[in-house]
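Visitor: Please put the model up, and I will ask about its strands, its buried charges and its salt bridges.

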Amino acid sequence: MERFHPGGIDADGYILTVPNVEVQPQFQDLLADVCMTLTRSEPLLDGIYLYGSVARGDAVPGVSDLDLTLILHSPPASQDLEMLESKRRTLESRHTEVIKIDFDIGSRSEVLAADNRLSWGYWLKHHCRCLWGNDLTRRFDRFKPSRDIAIAFHQGTCLCGAVKYQVSTELKAVTHCHCSQCRKGHGAAFATYASVPRSAVSIMASAETLKGYQSSEGVTRQFCSNCGSSLFWSDSKGSFPDWISVATGTLDTPFLAEKQKHACVSSKASWYEIQEPR
């Protein structure tokens, strides 16, 4: 899922938006079926948005995903999410034009909240095309590149792309951990995490694929059960039980790591030497 477009900005310094190109013929039946299937739940849906390669017009049949953002009239109940997941699987099973269909789900109030202008507002305005319903992209002016956007908006995926997540706040306390558990969990010399309040992390797709392993008392390491990517780390018995750490290598959006530190250096791999200041 691409986050930034080639070329980046237009002549006036604004971030480029998704071009309003005609949908490729190979995907027109798929999108018609999507609208018909999902709008049977019209009281639930406020709008359907297209992003990614199909939106840009450069998708490859049988290779590309279909990426959709669904905005609901109100925050979804668990039965709403189950119903949408059932419809997603049904659509996926009867269309071979794409290898996977993903739903990113939000609510109208969440999108229009002032605090989410740089996250949801930016996402819809610059990465999505309205396919059906109320086009909320018209509620936002175009954005210029800024440090605030880099801080406020983060999305990431696992290696296979099944698990997608969004972080709606600044990533803090960037740490390279050299403990043996982090080294084994990542299969690397160290693991790099950044921390945020747990409430700022939303799983946008395939939450059922995200599994957890309790590596020590109170410590849970979450990973994709399909490809094995390490994604999150949390400690319910630590000093910050309401925070979660994100594996920064899984981020698809750039971020500013102004301060970094190494931790548990006494446990570092014998074959690795830390070059930068500790």
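Visitor: How many residues lie between β11 and β12 in their hairpin?
Guide: This is a predicted model, in which local features need pLDDT of at least 70, side-chain atom pairs count only at pLDDT 80 or more, and totals for chains, interfaces and linings use all residues. Residues are numbered from 1 along each chain as its sequence is written, and side-chain values use heavy atoms, with hydrogens and water left out. Gly228 sits in the turn with a positive phi of about 90°. The number of residues between β11 and β12 is 5.

Visitor: Which residue of β12 is the bridge partner of Val219?
Guide: Strands here are DSSP runs of E with at least two residues, helices are runs of H or I with at least four, and both are numbered from the N terminus. Two strands pair if DSSP finds at least two bridges between them. β11 (residues 219-224) and β12 (residues 230-235) are antiparallel and share 5 bridges. Within β12, the partner of Val219 is Asp235.

Visitor: Which residue in β13 stands opposite Trp233?
Guide: β12 also pairs with β13 (residues 243-247), in the antiparallel sense, over 2 bridges. Opposite Trp233 in β13 stands Ser245.

Visitor: Which strands stand at the edges of the open sheet that contains β5, β6 and β9?
Guide: This open sheet has 3 strands in the order β5-β6-β9, paired antiparallel. Each edge strand has a single partner, so one of its sides is left without a neighbour in the sheet. The twist from one strand to the next averages 25°, where axes are lines fitted to C-alpha atoms (for helices over the stretch in contact) and angles run from 0 to 180 degrees between N-to-C directions. The edge strands are β5 (154-157) and β9 (201-205).

Visitor: Which side chain makes a polar contact with the side chain of Thr157?
Guide: Thr157 belongs to strand β5. A polar contact is a pair of N or O atoms within 3.5 Å; within protein, one must be able to donate a hydrogen and the other to accept it, and residues adjacent in sequence count only if both atoms are side-chain atoms. At 3.0 Å, the partner of the Thr157 side chain is Asp252.

Visitor: Is Asp46 buried or exposed?
Guide: Asp46 is in strand β1 (residues 45-51). Buried means under 20% relative accessible area, exposed over 50%, and partly exposed in between, with a 1.4 Å probe and protein chains only. The relative accessible area of Asp46 is 2%, so this residue counts as buried.

Visitor: Which side chain makes a 2.8 Å polar contact with that of Asp46?
Guide: Leaving aside residues up to four places away in sequence, Asp46 touches several residues, including His73, Trp132 and Leu136; contact means heavy atoms within 4.5 Å. The side chain of Asp46 makes a polar contact of 3.2 Å with that of Arg108. The 2.8 Å polar contact is with Asn134.

Visitor: How many salt bridges does a search of the whole structure find?
Guide: Side chains of opposite charge can pair when their charged atoms come close. A salt bridge is counted when a side-chain nitrogen of Lys or Arg is within 4 Å of a carboxyl oxygen of Asp or Glu. The number found in the whole structure is 13.

Visitor: How many residues apart in sequence are Lys164 and Asp102?
Guide: The two side chains form a salt bridge of 2.8 Å, N to O. Lys164 lies in β6 and Asp102 in β3, so the pair ties together parts distant by 62 residues in sequence. Salt bridges with shared partners join Asp65, Asp67 and Lys100 with this pair into one network. The separation of Lys164 and Asp102 is 62 residues.

Visitor: What is the relative accessible area of Asp102?
Guide: Its partner Lys164 has a value of 4% and is therefore buried. Asp102 is buried as well, with a relative accessible area of 2%.

Visitor: Which residue meets Arg94 in a salt bridge?
Guide: Arg94 is in the loop between α3 (78-93) and β3 (100-107), and its partner is in helix α1 (residues 25-38), 61 residues away. Arg94 is partly exposed at 43% relative accessible area, whereas the partner is buried at 15%. The N to O distance is 2.8 Å, and the partner is Asp33.
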